[in-house]
Amino acid sequence: MKSKEKKMKQTFAAGLAAAVTALSCTVTGIHAEQGAVTECGGWFESAYAEWDANAIGGNVSVSYAENGSGAFQQADAELIRGTRVDIPGLKGNTQYTLHIEGSAGSADCTVQTMAYDRTGYAHDGFSDIGAYMDDGTLKPDVTVIYVTNENKDTITYNGKTGLYNIFFSAKPKKVLFRFVGTIDVPAGTVANDGSHNDGSNMLYLQNSSEVTVEGIGPNTNLIDWGIEMKRCTSCEFRNLWLGHYPDDGIAMTGNEQIRTEHIWIHNNTIEKGYNAFAGNGHVDADKADGDGSLDMKWAHHITVSYNQFVNCHKTSLVGGRIDQEQDYITYHHNWFNNTESRNPRARNAHIHSFNNYFLSNSEYGICASYNSKVFSESNYFEGANNPLYAINMGKDAYSGTIKSYHDLFVNCDMGGTLAYQIVTERNAQPSIPNLIEGGEGYDQFDSSLYAYQTQTPEEAKETVLRYAGRMPENVPQGGDVIPAETTTTTSVTSETTTATTVTEPAAVRGDVNLDGSADLADAVALMQYLLKENDLTDAQAAKADLDESGRINAADLTLLKRMLLNN
């Protein structure tokens, strides 16, 4: 028995990559024709598959159905690129069967989707933001427009031609813009030639509602340009990569009469901008890295979640002037990776910032200025200078205030004495005065928030590293994005909760032998069980049921192999 176990371990270790490649079409399900589907899986309210062109052939069509329904729907031809398909608009946390058929053969595979996390002010008392319903499926009567680099200037909608003109004057309503591949600067923008300080290479989505702008798959890139929403309601930007923009990446604004409201910016990767003309006498010198990665003015009920901000200089400005009002903004599960400042910088706003990961922020992390109030909760700050920066910054007459609960600071320079207070009870109501007489102090707005769940800072960091940003080339599989570890209700009671800096580690998925980690030994134990060479206790079976189907089978082994490879 021991020699057989040793041989099995050696065989598994040597052939793990090959085995996963052969079975990758069953990442979250099992059946597929031998060798035809090379990889498939589920992501956030979407599925994807890749196949062997020799086995499937040409003229490929793909259809999909919820498991057990038999009602297959045809995927749009634009979603099939070469030997890959990406299918958005699926229900979250649902198993689907994909049927791939070509001139040489066909194959099926089964996948498990995940659900987007709709926590935050954008969905507070509001549902179905953008072109999708909250279950992940498309709203009725939505117009779907596929945008590529080749057709970006020739697409039509509501009498307008070209993406720039459609955004600017067609007033899109119930429109889903699906961007495919790398898209260069659309025609019609103000040229980035050094003669304009503002607006270079910007598109303006104006007076629009129920609009989603999304990238398809892992390789949608908006290079050298950005998008600003003006006076928009119920809009969503997701699964995009933006970089090298000379002005803003994504922005939103309105005016005193019409605010931009209920906007959800999530699961995007935004790298720093670039303006070669910064400091030339026309363009401000501090715009060398673009003007802002994600800015908002005259906007309210905004959620910014699961984004990666990479090497950004001026990351996210909330309020450009002291006379602008913007309010009720949530930042959660974002990765502020080597960003310099404005994570965010806020004026005249209430902001809930929780479960974000701040890494190597050279100037400051969160900045509360000019009467803004920030509730910072269960964030992970690592190597950050001034992680909580509540001050009257620049020419602002007043500071803002910050309440910090259960934040974790690792190798951080906390800076001087500012207008923030770290509390040890979630429901504490500290008196945090403004640094400047006449300014507003903290107003306990966190006493009445939307329903939400938090992770510990350590758990949040792991989640952010795994799931924040646009869809990766190598998709991590399995697991709920947000475990229900700590629930915070929408009202404060007289009870208090004592803060802890160390919590019991979460259960490890795939830890079949219950040694506290998922590794090769667990895969061997699961293989032995499937070969009927050993039994599993109830506790071991719970860890082995990776697809949560209630059965321990080959699908769980495939998931475990994939997980070990990704780690």
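Accessible areas here come from the Shrake-Rupley method with a 1.4 Å probe, and for residues only the protein chains shown count as cover. This is a predicted model, in which local features need pLDDT of at least 70, side-chain atom pairs count only at pLDDT 80 or more, and totals for chains, interfaces and linings use all residues. Residues are numbered from 1 along each chain as its sequence is written, and side-chain values use heavy atoms, without hydrogens and water.

User: What share of the exposed area of the protein do carbon and sulfur atoms supply?
Analyst: The protein exposes about 22200 Å². Of that area, carbon and sulfur atoms supply 47%.

User: Is Lys 152 buried or exposed?
Analyst: Lys 152 is found in the loop between strand E9 (143-147) and strand E10 (156-157); strands are DSSP runs of E, at least two residues, numbered from the N terminus. Buried means under 20% relative accessible area, exposed over 50%, and partly exposed in between (1.4 Å probe, protein chains only). Because its relative accessibility is 8%, Lys 152 counts as buried.

User: How far apart are the C-alpha atoms of Lys 152 and Asp 184?
Analyst: Contact means heavy atoms within 4.5 Å. Lys 152 touches residues including Ile 183, Asp 184 and Val 185, not counting those up to four places away in sequence. Lys 152 and Asp 184 are 32 residues apart along the chain, and their C-alpha atoms are separated by 8.9 Å.

User: What is the mean pLDDT of the protein?
Analyst: pLDDT is the predictor's confidence in each residue, from 0 to 100. In the protein, 85% of residues reach 70 or more, and the mean is 87.

Terms used. Helix = DSSP H or I, 4+ residues; strand = E, 2+ residues; numbered from the N terminus.
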